[in-house]
Amino acid sequence: MEASDLEKLKYPIGKFEFPKEYSLEYISDKIREIESFPKRLKQETIHLTDEQLNTPYRPDGWTVRQVIHHCAESHMNCYIRIKWALTENNPVIKPYDETLWSELPDNLNMPIQPTLTLLEGLHFRLAYIMRNLSNENLEKSFIHPENNSEYKIKQLIATYAWHGNHHLAHITTLKKYKNWK
C-alpha cells in the first residue's frame, strides 16, 4: 500500500483544521453534527457481525469495535474538559493514552450496544450544554499538557464534530471497500 493510500485511510475526511472564524451559524452546525453522531454511528454499525466489528479499518489500525469504544472514551473526555473549562480558570487537563486504552479488554471484546447507548446520553448532554453556552463561555479554555497549548471551548466544539465524522468515515469507508451493507 502506498503512503498516499494509507494517508487517505487514516484521514478519509482530511486532517482537522481550526476554522478562521467561529460564527454562531458555524457553532450551531457543529453542535448539530455532535448531536446526530450517535444515531449516525448506530445506523452504520448496529447490524455488523462480530467478525466485521473485529476488522481493522486500515492496516495496523483499530478494529471497528475499537473505534466505536474510542469515540465514547474520547467524547467523555471532551465533556469533562468542557465542564472544567466552565468551572475553573484555564485548568490544566489530564491527558490519556488512547492507544493503551484501546488495547484494554473492554475495547477489544465488549459488545458495542452499551457504548452506543452511552453515546446517545453523552451526546444529548454535550449538545445541551453546548447550545446553552454564552459567547463568553465559548471563549473559556483549558491547557492541554502534552503540548502546553490552550484550547477554547469553541475550538473543542469544532474538533469533536470533526472527530466523530472522522471516525464514522473510517467505518463507512471500510464498509464500502468490503461491500458490507
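Let me start with helix α3, residues 50-53, where Gln-52 is found. Keep in mind that this is a predicted model. Is Gln-52 buried or exposed? Gln-52 has 16% relative accessibility, so it counts as buried, the cut-off being under 20%. What is Gln-52 in contact with, once neighbours within four places in sequence are left aside? His-47, Val-64 and Trp-180.

Next, the cores. The largest nonpolar core has 23 residues. Seven names to pick out on the screen: Ile-34, Cys-78, Ile-82, Leu-126, Met-130, Ile-153 and Ile-157 have the most contacts inside this core. Which helices feed it? At least two residues each come from α2 (24-45), α4 (64-87), α7 (113-131) and α9 (153-178). The top contributor is α9, which gives 6 residues.

Zoom in on Met-130. Setting aside residues up to four places away in sequence, Met-130 touches Ile-31, Ile-34, Cys-78, Ile-82 and Ile-157. Apart from this core lies another one, of 18 residues. Among its members are Leu-53, Cys-71, Leu-174 and Trp-180. You met Trp-180 a moment ago, as a contact of Gln-52.

Now the cysteines. How many disulfides are there? The count comes to 0. Take Cys-71. The nearest cysteine sulfur is that of Cys-78, 12 Å away. A disulfide needs the two sulfur atoms within 2.5 Å, so Cys-71 is in no disulfide. Cys-71 counts as buried, at 0% relative accessibility. Turn to Cys-78. Its nearest cysteine sulfur is that of Cys-71, and Cys-78 is in no disulfide either. With a relative accessible area of 1%, Cys-78 is buried.

On to the strands. β1 covers residues 141-144, and β2 covers residues 149-152. They run antiparallel, joined by 4 bridges. Which residues stand opposite each other? Ser-141 of β1 faces Lys-152 in β2. The bridge partner of His-144 is Ser-149. Together β1 and β2 form a hairpin, with 4 residues between the strands. Look at Asn-148 in that turn: its phi is positive, about 55°.

What about the two faces of β1? In a regular strand, side chains alternate between the two faces of the sheet. Here, Ser-141 and Ile-143 sit on one side of β1, with Phe-142 and His-144 on the other. All four are buried, so both faces of this strand are covered.

Last stop, the largest pocket. Rolling a probe the size of a water molecule over the atoms shows where empty space is left. How much space lies in the largest pocket? About 840 Å³. Its lining has 29 residues. Nearest the centre of the pocket lie Ser-74, Glu-98, Thr-159, Trp-162 and His-163. Four elements each supply at least two lining residues: α4, α5 (98-102), β1 and α9. The largest share comes from α9, with 8 residues.

One thread to take away, then. Helix α9 gives the most to the largest nonpolar core, and α9 also supplies the largest share of the lining of the largest pocket.

Methods. Residues are numbered from 1 along each chain as its sequence is written. This is a predicted model: local features need pLDDT of at least 70, side-chain atom pairs count only at pLDDT 80 or more; totals for chains, interfaces and linings use all residues. Side-chain values use heavy atoms; hydrogens and water are left out. Buried means under 20% relative accessible area, exposed over 50%, partly exposed in between (1.4 Å probe, protein chains only). Two strands pair if DSSP finds at least two bridges between them. A nonpolar core is a set of buried Ala, Val, Leu, Ile, Met, Phe, Trp, Tyr and Cys residues joined through side-chain atoms within 4.5 Å. Contact means heavy atoms within 4.5 Å. On a 1 Å grid over the protein atoms alone, a cavity is a set of points where a 1.4 Å probe fits but cannot get out, and a pocket is an open set with protein on both sides within 12 Å along at least five of seven lines; lining residues have an atom within 4 Å of a point. Grid points are joined across faces, edges and corners, and a volume is the space filled by probe spheres set on the points.
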